[in-house]
Amino acid sequence: MARKNKSIKKTGGGLKFWGRHAIEAALDNPERVIKKISITREALATIEIPSDIAVVICDVADLGRVIPREAPHQGMVADVDPLPDRWLGEILDAGSDRPLLLLDQVTDPHNVGAILRSAAAFDAAAIITQDRHAPPESGVLAKSASGALEIVPWIRVVNLSRALDEIAEAGYWRIGLDGDAADELDSAMGTGKLALVMGAEGEGLRQNVAAHCDTLARLPMSSRMESLNVSNAAAIALYAEYTRKRGD
């Protein structure tokens with residue numbers, strides 16, 4: 001059945017997505033407006049595209065000219081609009097006990113994409129970033145997220161510390177991840193709703209953001225390695241919360 005594109009609020013200009021996972025997930029998301037799919041004949045035979053979306057048959061060289069060099073497009077590129085804005089209040093009012101993941105100045109789109117993928121895998125309710133210090137939606141991020149950009153709500157806020165205050169009022173226990181913290185994550189998690197707060201690699205959590213957490217905790221790890229990539233650390237923290245919930 002053809003999916004009708006909704007008339008929704010736009011948050012910027014058009015984007016180009018590439019790769020099967022990103023485009024199939026966009027097709028499955030009723031909130032994503034897809035304006036056109038440029039595709040090779042070989043790739044077209046492997047994917048179902050609703051009749052209300054324009055399709056342009058291209059060769060591989062054509063696709064390579066409209067996206068970053070050597071991007072793994074798998075024979076398809078989609079012109080899409082950004083997703084509509086989502087609001088923190090929507091998530092908090094939903095009353096879910098699924099975890100929230102807040103990112104403090106994590107700006108690499110590959111990392112944010114990978115974090116979205118982990119958030120989808122381990123059933124996070126949303127990721128939350130500060131509007132000015134986070135990457136925009138992009139083809140690179142969508143490819144790294146492998147479809148999770150269409151699944152996990154991404155909330156952008158003006159001030160992360162104020163957002164943490166709202167999250168506390170909604171009954172969440174806020175844990176900032178800090179490699180120098182005295183407590184390990186499992187002992188800091190408690191039993192209620194959880195908000196995990198992660199800082200950028202190298203810089204870590206800013207002081208004011210850390211001050212708006214209820215506690216700081218570290219991931220247990222061998223002394224042979226000083227730290228983890230932020231996307232790996234996020235995956236481990238979300239997995240710990242996911243297994244805790246399953247064991248409740």
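This passage walks through some strands, a surface patch and several salt bridges of a predicted model.

A good place to start is the open sheet built from four strands, which follow the order E1-E4-E2-E3 with mixed pairing. Its edges are strand E1 (15-18) and strand E3 (54-57), each of which pairs on one side only. Averaged over the sheet and with direction ignored, neighbouring strands are turned by 20 degrees against each other. At the E1 edge, strand E4 (residues 76-80) runs antiparallel to E1, and four bridges join the two. Within this pairing, Phe-17 stands opposite Ala-78 of E4.

Further along the chain, strand E6 (residues 126-130) makes a helpful landmark. Five of its five residues are buried, so E6 is largely enclosed by the rest of the structure. In a regular strand, side chains alternate between the two faces of the sheet. Both faces of E6 are covered: Ala-126, Ile-128 and Gln-130 are buried on one side, and Ile-127 and Thr-129 are buried on the other.

E6 has parallel partners to explore. Strand E5 (residues 100-104) pairs with E6 in the parallel sense through four bridges, and Leu-103 has Thr-129 of E6 as its bridge partner. Between these two strands the chain passes through helix H5 (residues 109-121), giving a right-handed β-α-β crossover from E5 to E6. Strand E7 (residues 154-157) also pairs with E6 in the parallel sense, again over four bridges. Here Thr-129 appears once more, standing opposite Arg-156 in E7. The route from E6 to E7 leads through helix H6 (residues 139-145), and this β-α-β crossover is right-handed.

On the surface, Met-221, Met-225, Leu-228 and Ile-236 make a nonpolar patch of about 340 Å². One of these residues, Leu-228, sits in the loop between strand E10 (215-217) and helix H10 (230-247). With a relative accessible area of 32%, Leu-228 is partly exposed.

Charged side chains complete the picture. Side chains of opposite charge can pair when their charged atoms come close. The structure contains 14 salt bridges. One of them brings together the side chains of Arg-20 and Glu-24, with an N to O distance of 3.1 Å. These two residues are four apart in helix H1 (residues 20-28), so about one helical turn separates them. Arg-20 is partly exposed at 21% relative accessibility, and Glu-24 is likewise partly exposed, at 29%.

Another salt bridge links Glu-90 to Arg-86, whose closest N and O atoms are 3.1 Å apart. Glu-90 has a relative accessibility of 35% and counts as partly exposed, while Arg-86 is partly exposed with a relative accessible area of 26%.

A salt bridge also connects the side chains of Asp-123 and Arg-98, at 3.3 Å from N to O. Asp-123 lies in the loop between H5 and E6, and Arg-98 in the loop between helix H4 (88-93) and E5, so the pair ties together parts that are 25 residues apart in sequence. Asp-123 is partly exposed, having a relative accessible area of 36%, and Arg-98 is partly exposed at 31%. Finally, Arg-32, Glu-137 and Glu-150 are joined in a network of salt bridges.

Technical notes: Residues numbered from 1 in each chain as written. Predicted model: local features only at pLDDT ≥ 70, side-chain atom pairs only at ≥ 80, totals over all residues. Heavy atoms only, no water. Pairing = 2+ DSSP bridges. Axes fitted to C-alpha atoms, helices over the stretch in contact; angles between N-to-C directions. Buried < 20%, exposed > 50% of the residue type's maximum accessible area, 1.4 Å probe, protein only. Right-handed = clockwise from strand over helix to strand, strands pointing away. Patch = residues over 30% accessible without salt bridge, like charges linked within 9 Å, V, L, I, M, F, W, Y side chains within 5 Å. Areas by Shrake-Rupley, 256 points an atom, 1.4 Å probe, with all protein chains shown as cover. Salt bridge = Lys/Arg side-chain N within 4 Å of Asp/Glu carboxyl O.
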